[in-house]
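Trainee: Could you take me closely through one helix of this model and its surroundings? I would like a connected account rather than a list.

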Amino acid sequence: MGGYQDANYYRVSPCLIVVGSWCCRLILFVIWLPTFLHVTAQESHADHRRTTSLVELAKEPTSGDSGLFDPIEISPSVIPKVPFPTESVPPMYPIPYVPTRYEPVLTGKCPVNFSRPEISNILDKAAFDCFGPLASLVGNVVCCPQFSSLIHIFQGFFGMKSNNLVLSNAVADHCFSDIVSILASRGANNTIPTLCSIKSSNLTGGSCPVKNDSTFERTVNTSKLVEACRTVDPLKECCRPVCRPAIMDAALQISGRQMMINNDNMAGEMNHTDYLNDCKGVVYSYLSKQLSSEVANKAFRILSACKVNKVCPLTFKEPSDVIAVCKNVAAPSPTCCSSLNTYIAETQQKILITNKQAIICATQFGSMLRGGGVMTNVYELCDVDLKDFSIQAFGVQGCLLRSLPGDVIFDNSSGVSFTCDLSDNIAAPWPSSSSFTSLSFCAPEMSLPALPISQSLKNIGCNSAGVGFLLVIFTFFVSIVVLRF
């Protein structure tokens with residue numbers, strides 16, 4: 001926690017840090033003022049042809065930026081590029097198969113009109129994102145996040161005209177069965193519940209003690225919660241979250257375990273992970289009742305994207321064979337490269353991953369090789385690219401999905417298609433050490449909320465008198481500049 005007190009985190013003038021007596025401040029100002037008055041300004045023109053610098057990469061992104069993902073400890077050359085609106089979009093890879101739709105057989109015991117647009121549109125989106133042949137390939141990034149969002153939105157939709165935030169166990173079973181049947185009738189894989197580890201009990205609120213609107217609104221600052229999640233920025237939320245901590249805070253409040261979790265002595269306490277997750281489901285249900293289905297779905301998908309892009313979804317077995325033949329190479333070696341490429345090919349024949357996940361996977365695997373004694377950058381020697389860590393399928397030579405939420409697209413003429421984020425080959429990053437730590441794609445200033453200036457000054461020892469003195473000096477300085485020019 002000490003790092004949070006570092007003055008470098010705050011945007012304060014260096015002069016304020018060298019605080020001392022009033023005389024010291026006056027001397028510094030007198031020395032600096034003449035220098036300023038003889039400075040000649042030079043116009044600077046940005047050269048858009050130059051490679052983006054680390055300084056540029058560290059700037060705080062906005063939702064309208066082209067959006068190079070801001071890296072830490074990663075070369076800019078491996079950072080995926082999101083195209084400008086005027087640039088051509090990344091290639092879409094169609095699968096020439098049009099799903100056959102049929103009328104589903106429902107239980108008749110779920111009191112919901114599934115044809116209502118606010119729920120039918122989300123069902124369509126989930127059906128495409130979990131399209132039969134693709135579901136297992138895009139499950140981690142596209143299908144399961146969308147199916148989870150659908151469950152949250154349905155839970156809120158079910159209680160829209162009542163005081164309830166959850167479904168009873170019996171009704172939840174019937175409605176969950178109907179949802180899966182409807183998705184299958186629209187082309188989705190019928191094994192989605194198993195693939196995504198989602199059950200009918202996710203609709204019931206489980207062990208969470210709060211299950212209705214009135215109790216929820218007495219316990220939680222609902223206006224603050226809804227406002228935090230009404231507009232979720234897809235770039236900022238993963239680095240400086242607003243909606244996610246608001247949901248967690250609300251879940252803690254309704255769980256009644258705030259004091260227990262804050263208590264340092266947790267000996268003998270039961271594992272509260274499931275308990276808290278049940279309450280988070282209730283919070284999602286409340287948000288689904290307050291927001292439109294489109295706004296809620298967008299927010300939930302962004303939150304899922306932040307989560308899945310923090311880890312590598314691939315499982316790396318011990319690369320002893322690769323280490324044995326690559327340990328002492330200093331130049332391209334057919335034996336080493338063949339073993340390396342075979343290992344990676346066997347590992348990635350499972351799912352499509354995102355560009356950020358690929359960077360984490362490449363770094364994690366490289367750390368394993370370095371830990372085994374492979375000091376040379378074998379990625380460079382063997383031409384290993386980021387796309388090599390994603391599955392080779394449907395004629396695509398390695399496809400990295402976008403790290404921002406995306407969907408499978410359906411077209412009547414071309415069928416189902418998905419979009420790959422990269423069309424060029426980007427070298428896989430070789431780690432600088434054998435100890436793998438979690439990577440951050442956030443610039444330093446995006447990792448810590450900015451404090452108000454008064455709080456920042458207080459943290460470096462300035463009181464109200466000091467602030468007043470600086471304001472007087474600033475006024476004096478402005479007067480001199482005006483008189484001179």
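**Helix α12 and its surroundings**

Mentor: In this predicted model, helix α12 covers residues 273-290, and because 18 residues at 1.5 Å a residue should span 26 Å, the 26 Å between its end C-alpha atoms agrees with expectation. Many residues of α12 are buried, among them Tyr275, Leu276, Cys279, Val282, Val283, Tyr284, Tyr286 and Leu287, and the cover over the buried residues of α12 includes α5 (139-158), α8 (213-219), α9 (222-230), α10 (243-255) and α13 (293-308).

The setting becomes clearer with the largest nonpolar core, which has 76 residues, and in which Phe147, Phe154, Leu183, Phe216 and Leu225 touch the most other members. Helix α12 is one of the helices that supply at least two residues each to this core, as are α4 (117-129), α6 (169-185) and α7 (192-196), while the largest share, 10 residues, comes from α5. Leaving aside residues up to four places away in sequence, Phe216 touches Val282, Val283 and Tyr286, and also Leu165, Val210, Thr222, Leu225 and Ile254. Another core, of 34 residues, lies apart from this one and includes Cys336, Phe365, Leu369 and Cys382.

Helix α13, which is part of the cover of α12, also packs against α4, at an angle of about 35° and with the axes 10 Å apart. That contact is made by Glu118, Asn121, Ile122, Lys125 and Asp129 of α4 together with Ser293, Glu294, Asn297 and Arg301 of α13, and the residues of the contact divide into one nonpolar, three polar and five charged.

Technical notes: Residues are numbered from 1 along each chain as its sequence is written. This is a predicted model: local features need pLDDT of at least 70, side-chain atom pairs count only at pLDDT 80 or more; totals for chains, interfaces and linings use all residues. Side-chain values use heavy atoms; hydrogens and water are left out. Helices (H or I, at least four residues) and strands (E, at least two) are DSSP runs, numbered from the N terminus. The expected span of a helix is 1.5 Å times one less than its number of residues. Buried means under 20% relative accessible area, exposed over 50%, partly exposed in between (1.4 Å probe, protein chains only). Contact means heavy atoms within 4.5 Å. A nonpolar core is a set of buried Ala, Val, Leu, Ile, Met, Phe, Trp, Tyr and Cys residues joined through side-chain atoms within 4.5 Å. Axes are lines fitted to C-alpha atoms, for helices over the stretch in contact, and angles run from 0 to 180 degrees between N-to-C directions. Ala, Val, Leu, Ile, Met, Phe, Trp, Tyr, Cys and Pro count as nonpolar, Asp, Glu, Lys and Arg as charged, and the others, Gly among them, as polar.
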